[in-house]
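Trainee: Before I take this model to the bench, could we go through it together, question by question? I would like each answer to show how it was reached.

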Amino acid sequence: MKIAVIGGRTTLLLVLLVMSTGAFAAAAPATGEPATAPTPSTSVLPDNISTDNPPSSTSVDPNEIRITGMGNGSVPWTIVVLLTFLTLIPSLLLCVTPFARLLVVFHFLRQALGLQTTPTNQTLIGVALILTFFLMQPVGAAIYESSVLPMQSGRITAMQAIERGARPVRRFMLHYVREKDVSLFVELAKESRPRDPKDLSMRVLVPAYILSELSTGFQIGTVLFLPFLVIDMVVASISTSVGMLQLPPVVISTPLKLLLFVMVDGWNLLIGSLMKSFS
């Protein structure tokens, strides 16, 4: 009985296997056909457009500023050098212009008047810069005509322009530098004494000039300080003799010094004297 049941099940499995095999065989021709390759799409271009030289997607602006590397250097290092040079411009302004002398005299004036913050440092620096520009305008015009214009026209190189531009500045510094200061820096630099002052190197001329400007500024400031010092001494002696010991003499002398400075038109006299010292 068990054998019959097993045989029936086996027969049923064989029948199902044969039927599934026939179904796969019938479906094979439909799925086994090779797929048709897609036809490549072609694009039609207008006659006035050539595929050999495609149009550029970016246009060059004629007003565009491009920074290229110096020599074989990279652009970042060129930018670093330019930014470093820009940070040195204030120092160059102090070294080769009358800015130091003017600023020293203005600070002496403020101390002589007994004023701590009036005029402010920004105001004094601004006045000194404007007067420096006024004094250096002829030198700047000479530099522009002798070096900038020829370089823009392509007649000279950049190094030649720098060499030509240094000549007006050298003449200006030689006119106001003291011989004593020049001798000091020639000795410190261990250079031979030149026959002509025009043969001095910038290494010697620039520090000698700034030292001369500081010395001249202190001399002018000392002379400017003396009249106000006399007022302080007179007020202090009078207040002490009267017995006004609790009242500081500065409280009385400061208005008197300001009154004297305004009455004599001090700013006009001071600026006029400073400008004439550079004539």
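Trainee: At what angle do α7 and α8 pack?

Mentor: Keep in mind that this is a predicted model. Two packed helices are described by the angle between their axes and the distance between the axes. For this pair the axes lie 9 Å apart, and the helices are oblique to each other because angles of 115 to 145 degrees fall outside the parallel, perpendicular and antiparallel ranges. The packing angle of α7 and α8 is about 140 degrees.

Trainee: Which residues of α8 does α7 meet, and of which hand is the crossing?

Mentor: α7 passes α8 in a right-handed crossing. From the α7 side the contact is made by D181, V182, L184, F185, V186 and A189, and by class the whole contact has nine nonpolar, one polar and two charged residues. The residues met in α8 are R203, V204, P207, A208, L211 and S212.

Trainee: Is S212 buried or exposed?

Mentor: S212 is found in helix α8, and, leaving aside residues up to four places away in sequence, S212 touches Y176, V177, R178 and D181. Its relative accessibility is 0%, and since the cut-off for a buried residue is under 20%, S212 counts as buried.

Trainee: How are α4 and α8 oriented to each other?

Mentor: The axes of α4 and α8 come within 8 Å and cross at roughly 20 degrees. Because angles under 35 degrees count as roughly parallel, this crossing makes α4 and α8 roughly parallel.

Trainee: Which residues of α4 meet α8, and how many residues of each class does the contact have?

Mentor: α4 passes α8 in a right-handed crossing. On the α4 side the residues are A100, R101, V104, V105, F108, L109, Q111 and A112, and they meet a set in α8 that includes I210, L214, F218, L224, F225 and F228. By class, the contact of α4 with α8 has 13 nonpolar, five polar and two charged residues.

Trainee: At what angle do the axes of α4 and α5 cross, and which residues of α4 make the contact?

Mentor: The axes of α4 and α5 come within 9 Å and cross at roughly 145 degrees, and the crossing is right-handed. α5 contributes residues including N121, L124, V127, A128 and L131, and by class the contact has eleven nonpolar, three polar and one charged residues. On the α4 side, the contact is made by F99, L102, L103, F106, H107 and R110.

Trainee: Which residues touch the most other members of the largest nonpolar core?

Mentor: In soluble globular proteins, nonpolar side chains tend to be buried together. Here the largest nonpolar core has 37 residues, with α4, α5, α6, α7, α8 and α10 each supplying at least two of them. Those touching the most other members are L102, F106, L109, M173, L270 and L274.

Trainee: What does F106 touch?

Mentor: F106 is one of the core residues that touch the most other members, and it also belongs to the contact of α4 with α5. Not counting residues up to four places away in sequence, F106 touches L124, V127, A128, L131, W267, L270, I271 and L274.

Trainee: Which peptide bond is cis, and where does its proline lie?

Mentor: Most residues other than glycine have a negative phi, and most peptide bonds are trans. The bond from T118 to P119 is cis, with omega near -5 degrees. P119 lies in the loop between α4 and α5.

Trainee: What is the phi of D265?

Mentor: D265 sits in the loop between α9 and α10, where it is partly exposed, with a relative accessible area of 44%. Its phi is positive, in a residue other than glycine, and the value is near 55 degrees.

Trainee: How far apart in space are R167 and S147?

Mentor: R167 is found in helix α6 and is partly exposed, with a relative accessible area of 45%. R167 and S147 are 20 residues apart in sequence, and the C-alpha to C-alpha distance between them is 9.9 Å.

Trainee: How many helices and strands does the protein have?

Mentor: Of the 279 residues of the protein, 24% count as buried. Among contacts with a separation of 6 or more, residues 24 or more positions apart account for 65%. The secondary structure comes to ten helices and zero strands.

Conventions. Residues numbered from 1 in each chain as written. Predicted model: local features only at pLDDT ≥ 70, side-chain atom pairs only at ≥ 80, totals over all residues. Heavy atoms only, no water. Core = buried A, V, L, I, M, F, W, Y, C linked by side-chain atoms within 4.5 Å. Buried < 20%, exposed > 50% of the residue type's maximum accessible area, 1.4 Å probe, protein only. Helix = DSSP H or I, 4+ residues; strand = E, 2+ residues; numbered from the N terminus. Contact = heavy atoms within 4.5 Å. Axes fitted to C-alpha atoms, helices over the stretch in contact; angles between N-to-C directions. Parallel < 35°, antiparallel > 145°, perpendicular 65-115°, else oblique. Left-handed = near helix turned anticlockwise from the far one by under 90°. Nonpolar A, V, L, I, M, F, W, Y, C, P; charged D, E, K, R; others polar.
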